[in-house]
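Trainee: Could you take me through one residue of this model up close, and then show me how the rest of the chain is laid out around that story? I'd like to follow along with the structure open.

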Amino acid sequence: MRSIGAASFALRRCGLLIAVLLVAGACVSVASALGATIADWEMNEPPGATKMHDSGDSGLTGTIGSAVVTGVVTDGATGYRWRSENRWDGVHRERLIKVESSRLNPGTKDFAVVLRFYTASFGDQNIIQKGQARTAGGMWKIPLFDGKVGCNFKGSVHRSAVWSRQIVADNTWHTIRCERRSTGVTLILDGGTPRTNRQWTGNIANTWPLAIGGKPKCDPPNVGCDYFVGRIDRVVVKRLG
């Protein structure tokens, strides 16, 4: 009887161990689905800051242009502000934040960018981008046009873009999530219903810096600078899957 009891106990222990391993495997799968953070810029630096710090493990520090106002509180949120001055009259690289890292290229992997912004400005603007329309290696960006916000990815196969139906130039904080997957490009605004363009972009990998606040290379009137006017209080870049 004792040997049978011991065997039963061993089996129970084995079953428990298998269950634990299965749960651990499920947790790993869930973590994999959520993805890994490449960069997390909380943009809570004080006034006069010159560096945008990455609160994640990558340490991808950005250089803040002198025209970007830091430490600005808007509706209880601390972030950066881009004024309307000098938006149209020539090239103003002091309006940009730049981050140098090849890790901000999607490549062929599933990729996401989450950005929280606040604006009342209509017109053609680029909030964040890596590369431009004619950049070798493709590009990705989150632009504004006619008060609507979009997710735009251009790769070795296709260019795929999705735009919000909602006007976001309304002096309210909005959060946009742009996902580039093998199944297409998806836009999620303020946690609402996803909008997807089901077209594969192909590989996206360029040597340009990430720019926040407008185009890093422009030559008005031939190539507009598309400077952003408004506020941003967080940017997160993730590798999915």
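**A close look at Asp54**

Mentor: Happy to! Asp54 lies in the loop between strand 2 (51-52) and strand 3 (62-64). Keep in mind that this is a predicted model. Asp54 is buried, yet it has no salt bridge. The nearest side chain of opposite charge belongs to Arg103, 6.8 Å away, whereas a salt bridge would need the charged atoms within 4 Å.

What does the Asp54 side chain reach, then? One partner is the backbone nitrogen of Gly56, at 2.9 Å. Another is the backbone nitrogen of Gly59, at 3.1 Å. Leaving aside residues up to four places away in sequence, Asp54 touches Ile38, Ala39, Asp40, Trp41, Gly59 and Leu60. Gly59 thus appears both among these contacts and as a backbone partner of the side chain.

Now step back to the strands on either side of that loop. Strands 2 and 3 belong to an open sheet of 8 strands, ordered 2-3-6-15-8-9-10-11, with antiparallel pairing. Strand 2 and strand 11 (159-163) are the edges, each pairing on one side only. Further along the sheet, strand 8 (residues 125-130) and strand 9 (residues 139-145) pair in the antiparallel sense over 5 bridges. There, Gln125 stands opposite Leu144 of strand 9.

As for the whole protein chain, its secondary structure comes to 1 helix and 16 strands. Of its 241 residues, 44% count as buried, and Asp54 is one of the buried residues. Among contacts with a separation of 6 or more, 64% come from residues 24 or more positions apart. The chain exposes about 12,000 Å², with carbon and sulfur atoms supplying 55% of it.

How values were computed. Residues are numbered from 1 along each chain as its sequence is written. This is a predicted model: local features need pLDDT of at least 70, side-chain atom pairs count only at pLDDT 80 or more; totals for chains, interfaces and linings use all residues. Side-chain values use heavy atoms; hydrogens and water are left out. Helices (H or I, at least four residues) and strands (E, at least two) are DSSP runs, numbered from the N terminus. Buried means under 20% relative accessible area, exposed over 50%, partly exposed in between (1.4 Å probe, protein chains only). Lys and Arg count as positive and Asp and Glu as negative; His and the chain ends are not counted. A polar contact is a pair of N or O atoms within 3.5 Å; within protein, one must be able to donate a hydrogen and the other to accept it, and residues adjacent in sequence count only if both atoms are side-chain atoms. Contact means heavy atoms within 4.5 Å. Accessible areas come from the Shrake-Rupley method with a 1.4 Å probe; for residues, only the protein chains shown count as cover. Two strands pair if DSSP finds at least two bridges between them.
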